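Biologist: Could you take me through one part of this model in detail? I'd like a walk along the strands in the middle of the fold, with whatever sits around them.

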Amino acid sequence: MAKPLLSALKGESTNDVPIWLMRQAGRYLPEYMEVRARSKDFLDFCYNPELAVEVTLQPVRRFGLDGAIIFSDILVIPDAMGQKVAYEPGRGPVLDALGDPRKVDDLSRESLRAHLAPVYQAITEVSQKLDDSVTLIGFAGAPWTIASYMIEGGSSRDFARLKSWAYGAPEKFAALIDILVDAVADHLCGQIEAGAEAVQIFDSWAGVLPEDAFDTWCLDPIKRIIASVKAVHPATPIIVFPNRVGFFYERMARDSGADAVSIDAMVPLATAREVLQKLVTVQGNLDPNLLCAPKELLDRRVDEVLEQARGAKAHIFNLGHGILPHTPPSAVKYVVERVHELSAG
Ligand code: CP3
C-alpha cells in the first residue's frame, strides 16, 4: 500500500495532502496522561520502549494521521553524552549547565548508541505495529538548539550565555557544535537502521541568529549532518524545521540538502509556494493556537494552507510548531478529517 507522507517527502507527486502534527503525542491527550503517570521521571519514560511505543501509537490510532513520530526528546543527546538532564513540572528541562567552555572536553559520544538503544528498540516495535499507509518518523534536535539547552541549563529568554560562547569563545563553541553534528548524525542513522523511514531535525531556536551566525551555527551544521546521514542512507528523506528564521528559510531550502522544510506559522503562504516549494517539499504551517480558536477561523486557515499546497512540489500539512497542552483532541480530529476530505484525489 502507498504511503502518502513518504511519497510527498520523496518528491513524488500525489493529490492527497498527508498530515501529521508536531508534538502529536502529549499532554493534551487523556490517554497520554494515563501512561505518563506510570513513570515519575520524564527521561525514564522516554527510555521505556513499552511506554514509548504506546504513546507514539495513541494519536495515530485516534486521528488516522499519515505519520507517526517516535516518542522521545531532543535532550536525550546531552543525557547520552554525560550531562545531567532533568524535567521539572511547570519549568521544563533543567540541565547542569556547561558553565565553562573547557567543560566541552568532558563530553563523550562513546556510549551514545548504547545509551539510546531503548529509542531504537521502540522504533523497531512501532514499525512492526503501524498500518502500511503510515510513515514512521525519527528525529533529533539541531546542534544550535541542543547547545542552547546545554549552555543555558534550560529554556532562555535572550540566549545571552549561549551567544557569549558563540561570539566570545568561537573555537570552543565550534568544538561543541562539531561533537553535536557527529552525535546527531549518529543518532539519526541509528533510528533509520531501527526502522525510521524519514527523520526530522528540530532547530527550535534558530530564529535568534543574525546572518553570519545563522550560516555558521545553524545552516552549516545541519548541512553536515544531512551529508553524513545521506552518505549512509541516501534514500531516507530528511525534513528540517528551522523555527522562525524568516528570510533565511530560502537558504535552508536551497543549501542544506534537506528533502523538506517545515515552516513556522509566520511564513507567508505565497512565499512558501513561490520560493520554497519550487525547491523542496514544504511542511506546515497552521498556527497551533488556531486549534483552540472559533471554527470559522480554523476552517478558513486550513483551506488557505491547502490552497497554497497546490504548488510545484508536494505539501505536508502540519502545524507551525508543536500542539499546545490545552488543545481539545476533537479539534485535532476535525482538522485531520478536513485535510483528508478536501485534498482527496
Ligand atoms: O509527539 C511528538 O512530537 C514526539 C515527541 C517529542 C517530545 N519533544 C516529547 C515531549 C518531540 C518531537 C520533542 C521535541 C522537543 N523537545 C523540542 C523541539 C520541538 C519544539 O517544540 O520546538 C524541544 C525544544 C524539546 C525540549 C523539551 N522537552 C521542552 C522544552 C520540554 C518541556 C515543554 C513542555 O511543554 O513542558 C520537553 C518535555 C517534553 N517533551 C514533553 C513531551 C510530550 C512534556 C513533558 C511531560 O509529558 O511531562
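Biologist: Let's warm up with a loop residue: does Arg23 count as buried or exposed? Then please go on to β5 and the strands that pair with it.

Modeller: Arg23 counts as exposed, at 57% relative accessibility. Bear in mind that this is a predicted model, so everything below is computed from predicted coordinates. Arg23 sits in the loop between α1 (4-9) and α2 (30-36), and it has a positive phi of about 60° although it isn't a glycine. Keep that backbone angle in mind, as there is another one like it further on.

While we're around that loop, let's look at the ligand. A backbone N or O atom of Gln24 lies 3.2 Å from a ligand oxygen, and for Ala25 a backbone N or O atom lies 3.0 Å from an oxygen of the ligand. Asp73 uses its side chain: one of its polar atoms lies 2.7 Å from a ligand nitrogen. Taken alone, the ligand exposes 880 Å², and the protein buries 87% of that. The surroundings add up to 21 residues, with Arg27, Tyr32, Asp73, Ser204 and His321 as the closest.

Ser204 is a handy way over to the strands. Its backbone oxygen lies 3.1 Å from a polar side-chain atom of Asn243. Asn243 belongs to the loop between β6 and α12 (249-255), and it is buried, with a relative accessibility of 3%. In that loop we also find Arg244, and here comes the other unusual angle: phi of Arg244 is near 55°, a positive value in a residue other than glycine. Arg244 is exposed, its relative accessible area being 53%. So this loop holds a buried residue, Asn243, and an exposed one, Arg244.

Now for your main request. β5 covers residues 198-203, and six of its six residues are buried. In a regular strand, side chains alternate between the two faces of the sheet. Here Ala198, Gln200 and Phe202 point one way, while Val199, Ile201 and Asp203 point the other way, and all are buried. That puts the polar Gln200 and Asp203 in the buried set too.

What does β5 pair with? On one hand there is β4 (residues 135-141), which pairs with β5 in the parallel sense over five bridges. Ala140 has Ile201 of β5 as its bridge partner. On the other hand there is β6 (residues 238-242), also parallel to β5 over five bridges. Ile201 turns up again here, with Val240 as its bridge partner in β6. To get from β5 to β6 the chain goes through helix α11 (residues 211-232), and this β-α-β crossover is right-handed. Another facing pair between the strands is Val199 opposite Ile238 of β6.

β6 is mostly covered as well: five of its five residues are buried. On one side you have Ile238, Val240 and Pro242, on the other Ile239 and Phe241, and both faces are covered. β6 then carries the sheet on to β7 (residues 260-262), running parallel to it and joined by two bridges. Val240 stands opposite Val261 in β7, so follow Val240 and you have a residue with a partner in β5 and another in β7. The unit formed by β6, α12 and β7 is a right-handed β-α-β unit.

Two loose ends before I stop. The disulfide count comes to zero. Cys189 is in no disulfide, and the nearest cysteine sulfur, that of Cys218, is 20 Å away. That is too far for a bond, given that a disulfide needs sulfurs within 2.5 Å. Neither cysteine is out in the open: Cys189 is buried with a relative accessible area of 8%, and Cys218 is buried at 0%.

The other loose end is a backbone oddity worth having on your list if you set up this model for anything with torsion terms. The peptide bond from Gly284 to Asn285 is cis, with omega near -15°. Asn285 lies in strand β8 (residues 281-286).

Technical notes:
Residues numbered from 1 in each chain as written. Predicted model: local features only at pLDDT ≥ 70, side-chain atom pairs only at ≥ 80, totals over all residues. Heavy atoms only, no water. Buried < 20%, exposed > 50% of the residue type's maximum accessible area, 1.4 Å probe, protein only. Helix = DSSP H or I, 4+ residues; strand = E, 2+ residues; numbered from the N terminus. Pairing = 2+ DSSP bridges. Right-handed = clockwise from strand over helix to strand, strands pointing away. Near = heavy atom within 4 Å. Polar contact = N/O pair within 3.5 Å; in protein donor to acceptor, adjacent residues only side chain to side chain. Areas by Shrake-Rupley, 256 points an atom, 1.4 Å probe, with all protein chains shown as cover.
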